[in-house]
Structures are given as C-alpha cells and as structure tokens.
Amino acid sequence: TAESGPLRAVAEADESGMPVDLFLKLGGGRQSGETKGTPEALGFGRPTGVDLPGEAPGAIETSVVKATPIQSALAMGSIANGGLLMRPMLVQQIKDVNGARTYPPALVRQAISASAARALSESLGASVARGDDGLGPVRRPEHKIAAASGRITTSGQTGTMVAGFATLDDARFVLLVRGEGATTSEAVPEVFGAVAQQLLVYFRVPPASAHAGRQQPVARGPG
C-alpha cells in the first residue's frame with residue numbers, strides 16, 4: 001500500500017538532504033547569483049503534492065535540510081528540464097473498457113533560470129566525469145551523466161544518496177538511489193550506474209555524439 005513499504009518511503013523525510021548541500025557547495029543556494037533561494041524555489045521545505053498520503057514537507061534549517069527522496073528527485077529533474085519544476089505523478093495513463101485517460105506533465109513553476117540550470121548541469125556532469133565524491137561507477141563510456149552524491153541520515157542511521165539524470169544534453173530520465181548503512185558509499189554509486197545503463201538501453205538513447213544541445217521536460221516522478 002501507499003502507507004508503507006517502498007512507495008511510502010519516497011515521501012518520508014531524511015534528516016539531511018541532497019542535492020541542497022551541492023547547491024551550497026557550488027556557491028549557490030542562499031549565497032549569491034542566479035541560484036539564490038534555490039532550495040525553496042526547487043520545492044524543498046514544502047509538500048510536492050504527490051498522490052501519496054502523509055507526505056512529509058521536509059524543512060530547511062540553519063545547518064540541516066530535511067528532504068524526502070521525491071523532493072531531491074524533483075529538484076534534480078528541474079535542473080534537467082532547464083529550470084522547470086514539474087508536478088510529480090504516479091500514473092501516466094489509465095486504460096479501461098471505455099478507452100484511455102492520459103495525465104500530461106504539469107508545470108509547477110520556473111524554479112531557476114535556464115542559464116542557472118545549465119550551469120548546475122555542467123557542474124554535475126563534470127563531477128561524474130572526474131569521479132568526485134565516489135561517483136566513478138556512475139560514469140558510462142558513451143553517455144554523459146549528471147549526478148551528485150551526498151550523505152543522508154534517516155531515523156538516526158547514516159547512508160548515501162546519489163541523484164542524477166541522463167543524458168546531460170538530452171535528459172530522458174531522472175534517477176535516485178539511496179541506501180542506509182556505513183558501506184553504502186560504494187554500493188549506491190554502483191547500483192546507480194548499473195540501473196542508469198539499463199535505462200539508457202531501454203530508452204534507446206544514442207551515444208553522446210548523436211545528440212547535442214537538446215533538452216526536454218523529463219519524468220513526472222522520481223525516476
């Protein structure tokens with residue numbers, strides 16, 4: 001059910017979140033420039049409106065950001081979408097004997113400018129290319145992936161989260177992987193890389209040289 005298990009987990013808040021810490025590290029967030037106010041603009045600290053009961057709003061505090069996985073995924077998606085924050089949706093289409101009812105993507109707002117989103121995308125892509133923060137396993141030989149890694153705390157237990165999108169120049173999906181426990185810093189990036197590879201194959205994404213500069217709104221949910 002939506003009230004327990006993996007589905008409910010996307011709406012529960014971690015005591016420390018990502019990618020908010022990434023924005024602050026880059027000199028954005030509340031500090032300066034086009035990304036000023038980014039955590040609030042990208043939906044942290046308030047419910048996303050996903051169709052799940054008991055969604056936690058999270059919170060932006062002085063030294064701690066409480067964020068749900070779906071908030072982090074949507075924030076990453078807005079970077080992939082050129083700064084557009086989309087409403088999360090669990091269902092794309094319902095079919096029955098009377099036909100099909102489709103739920104199109106719904107825009108919430110322009111969370112950050114397109115140029116700020118592009119700058120963040122490039123920084124995320126460069127981090128993966130360099131293998132920063134344990135992101136080496138995320139790299140794919142023929143595709144550019146943008147991602148960030150961060151430490152999280154859930155119910156007093158530490159863990160690791162990696163959130164990102166692919167590809168850097170033509171986003172097809174947002175992906176978030178998290179794990180709890182001291183050994184997750186290596187396992188989570190490896191799982192992210194493996195799942196991303198399967199999604200690249202599933203969506204038939206061509207190599208990086210085959211598409212340049214295209215950017216379209218992507219997933220309606222956490223990936």
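**Salt bridges, one helix crossing and some local features**

I will begin with one pair: arginine 172 forms a salt bridge with aspartate 170, the closest N and O atoms being 3.2 Å apart. A salt bridge here is a side-chain nitrogen of Lys or Arg within 4 Å of a carboxyl oxygen of Asp or Glu. Salt bridges that share partners also join Arg118, Glu122, Lys144 and Asp169 into one network, and I will come to its members shortly.

Before that, the basis. This is a predicted model, in which local features need pLDDT of at least 70 and side-chain atom pairs count only at pLDDT 80 or more, while totals for chains, interfaces and linings use all residues. Residues are numbered from 1 along each chain as its sequence is written, and side-chain values use heavy atoms, with hydrogens and water left out.

Back to the opening pair. Aspartate 170 counts as buried, at 1% relative accessibility, whereas arginine 172 is partly exposed, with a relative accessible area of 27%. Buried means under 20% relative accessible area, exposed means over 50%, and partly exposed is in between, with a 1.4 Å probe and protein chains only.

Now the overall figures. The chain has 6 helices and 9 strands. Those are DSSP runs, numbered from the N terminus: H or I with at least four residues for helices, E with at least two for strands. Of the 223 residues in the chain, 45% are buried. The accessible surface of the chain comes to about 10700 Å², and 53% of that belongs to carbon and sulfur atoms; accessible areas come from the Shrake-Rupley method with a 1.4 Å probe, and for residues only the protein chains shown count as cover. Among contacts between residues at least 6 apart in sequence, 60% join residues at least 24 apart, where contact means heavy atoms within 4.5 Å.

The structure holds 6 salt bridges. As a general point, side chains of opposite charge can pair when their charged atoms come close. In the network, arginine 118 forms a salt bridge with glutamate 122, and the closest N and O atoms are 2.7 Å apart. How are these two placed along helix α5? They are 4 residues apart, so about one helical turn separates them. Arginine 118 is partly exposed at 29% relative accessibility, and glutamate 122 is partly exposed at 38%.

Aspartate 169 forms a salt bridge with lysine 144, with 3.9 Å between the closest N and O atoms. This pair links distant parts of the chain, 25 residues apart: aspartate 169 is in the loop between β8 and β9, and lysine 144 is in the loop between α5 and β7. Aspartate 169 counts as buried at 12% relative accessibility, while lysine 144 counts as partly exposed at 45%.

Next, helix packing. The axes of helix α4, residues 69-80, and helix α5, residues 114-130, come within 8 Å and cross at roughly 110°. Axes are lines fitted to C-alpha atoms, for helices over the stretch in contact, and angles run from 0 to 180 degrees between N-to-C directions. Are α4 and α5 roughly parallel or roughly perpendicular? They are roughly perpendicular; that label covers 65 to 115 degrees, with under 35 roughly parallel, over 145 roughly antiparallel and the rest oblique. From α4, Met76, Ser78 and Ile79 make the contact, and from α5, Ala117, Leu120, Ser121 and Leu124.

Serine 127 also lies in helix α5. With a relative accessible area of 14%, serine 127 is buried. Leaving out residues up to four places away in sequence, serine 127 touches Asp132, Leu135 and Ala147.

Then some backbone points. Aspartate 133, in the loop between α5 and β7, has a positive phi of about 50° although it is not a glycine. Aspartate 133 is exposed, with a relative accessible area of 51%. Arginine 204, in the segment after α6, has phi near 55°, again positive in a residue other than glycine. Arginine 204 is exposed at 75% relative accessibility. A cis peptide bond joins alanine 166 and threonine 167, with omega about 0°. Threonine 167 is in the loop between β8 and β9.

Last, glutamate 186, in helix α6, residues 184-202. Glutamate 186 is exposed, with a relative accessible area of 59%. Glutamate 186 and proline 137 are 49 residues apart in sequence, and their C-alpha atoms are 8.6 Å apart in space.
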